[in-house]
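Trainee: I would like to learn how to read a fold from its model. Where do we start?

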Amino acid sequence: MERRIKLTDIDRPDEPLEVEVEWIAGTTLRALVPNTSIRFELRRPNEEAPFEGTLGGRYFAFEPQPATGKPTTRRK
């Protein structure tokens, strides 16, 4: 998973929030807002569902992309 991710605001999908992942464990993701002292958690009911959480009256979601297990190759 990327260290920096974009969370989708459910009410304002064109205004994502970019955060840094502090840690992730199963159904909980702890995020840090860059250049602030704000940290918050997003949770999901199971490992197939997206993470969801609130911050300052905004409701965010994040759906990690499944790992393909295939190495990436560069074209020249």
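Mentor: Start with one cut-off: a residue is buried under 20% relative accessible area, exposed over 50%, and partly exposed in between. Arg30 has 22% relative accessibility, so Arg30 counts as partly exposed. Keep in mind that this is a predicted model.

Trainee: What does the secondary structure of the protein chain come to?

Mentor: Six strands and zero helices. Along the sequence the pattern reads β-β-β-β-β-β. The protein chain has 76 residues, and 28% of them are buried. About 5900 Å² of the protein chain is exposed, with 47% of that supplied by carbon and sulfur atoms.

Trainee: How much of the contact set comes from residues 24 or more positions apart?

Mentor: Take the contacts with a separation of 6 or more. Residues 24 or more positions apart account for 23% of them in the protein chain.

Trainee: Now the interior. Which residues of the largest nonpolar core touch the most other members?

Mentor: The general idea comes before the case. In soluble globular proteins, nonpolar side chains tend to be buried together. Here the largest nonpolar core has 13 residues, and those touching the most other members are Ile5, Leu7, Val19, Leu29, Phe40 and Leu42. At least two core residues come from each of strands E1 (4-9), E2 (17-25), E3 (28-32), E4 (39-43) and E6 (58-62). E2 gives the most, three residues.

Trainee: What does Val19 touch, beyond residues up to four places away in sequence?

Mentor: On one side of the sequence, Val19 touches Arg3, Arg4, Ile5 and Leu7. On the other, Val19 touches Ala31, Leu32, Val33, Pro34 and Phe40.

Trainee: Where does Pro34 lie?

Mentor: In the loop between E3 and E4. Outside its neighbours within four places in sequence, Pro34 is in contact with Arg4, Glu18, Val19 and Glu20. Look at the backbone too. Pro34 and Glu18 are 16 residues apart along the chain, and their C-alpha atoms are separated by 7.8 Å.

Trainee: In what sense do E3 and E4 pair?

Mentor: Antiparallel, over five bridges. Leu29 has Leu42 in E4 as its bridge partner. Six residues sit between the strands of this hairpin, and Asn35 takes a positive phi near 65°.

Trainee: Which residues of E4 are on the covered face, and which on the uncovered one?

Mentor: The general idea again. In a regular strand the side chains alternate between the two faces of the sheet. In E4, Phe40 and Leu42 form the covered face. Arg39, Glu41 and Arg43 form the uncovered face. Phe40 and Leu42 are also among the core residues that touch the most other members.

Trainee: What about charged pairs? How many salt bridges does the structure hold?

Mentor: Nine. One of them joins the side chains of Arg58 and Asp9, at 2.5 Å from N to O. Arg58 lies in strand E6 and Asp9 in strand E1, so this pair ties together parts that are 49 residues apart in sequence.

Trainee: Is Asp9 buried or exposed?

Mentor: Buried, because its relative accessibility is 1%. Its partner Arg58 stands at 21%, so Arg58 counts as partly exposed.

Trainee: Which backbone nitrogens does the side chain of Asp9 reach?

Mentor: The side chain of Asp9 reaches the backbone nitrogen of Asp11 at 2.9 Å. The backbone nitrogen of Arg12 is reached at 3.2 Å. Now set aside the neighbours within four places in sequence. Asp9 is then in contact with Glu15, Arg58, Tyr59 and Phe60.

Trainee: Back to Arg30. Which side chain meets Arg30 in a salt bridge?

Mentor: That of Glu22, at 3.7 Å from N to O. Glu22 has a relative accessible area of 28%, so Glu22 is partly exposed.

Trainee: And on the uncovered face of E4? Which residue pairs with Glu41 in a salt bridge?

Mentor: Arg43, at 2.6 Å from N to O. Glu41 has a relative accessible area of 27%, so Glu41 is partly exposed. Then look for shared partners. Glu22, Arg30, Arg39, Glu41 and Arg43 are joined into one network by salt bridges that share partners.

Notes
Residues are numbered from 1 along each chain as its sequence is written. This is a predicted model: local features need pLDDT of at least 70, side-chain atom pairs count only at pLDDT 80 or more; totals for chains, interfaces and linings use all residues. Side-chain values use heavy atoms; hydrogens and water are left out. A nonpolar core is a set of buried Ala, Val, Leu, Ile, Met, Phe, Trp, Tyr and Cys residues joined through side-chain atoms within 4.5 Å. Buried means under 20% relative accessible area, exposed over 50%, partly exposed in between (1.4 Å probe, protein chains only). Helices (H or I, at least four residues) and strands (E, at least two) are DSSP runs, numbered from the N terminus. Contact means heavy atoms within 4.5 Å. A polar contact is a pair of N or O atoms within 3.5 Å; within protein, one must be able to donate a hydrogen and the other to accept it, and residues adjacent in sequence count only if both atoms are side-chain atoms. Two strands pair if DSSP finds at least two bridges between them. Accessible areas come from the Shrake-Rupley method with a 1.4 Å probe; for residues, only the protein chains shown count as cover. A salt bridge is a side-chain nitrogen of Lys or Arg within 4 Å of a carboxyl oxygen of Asp or Glu.
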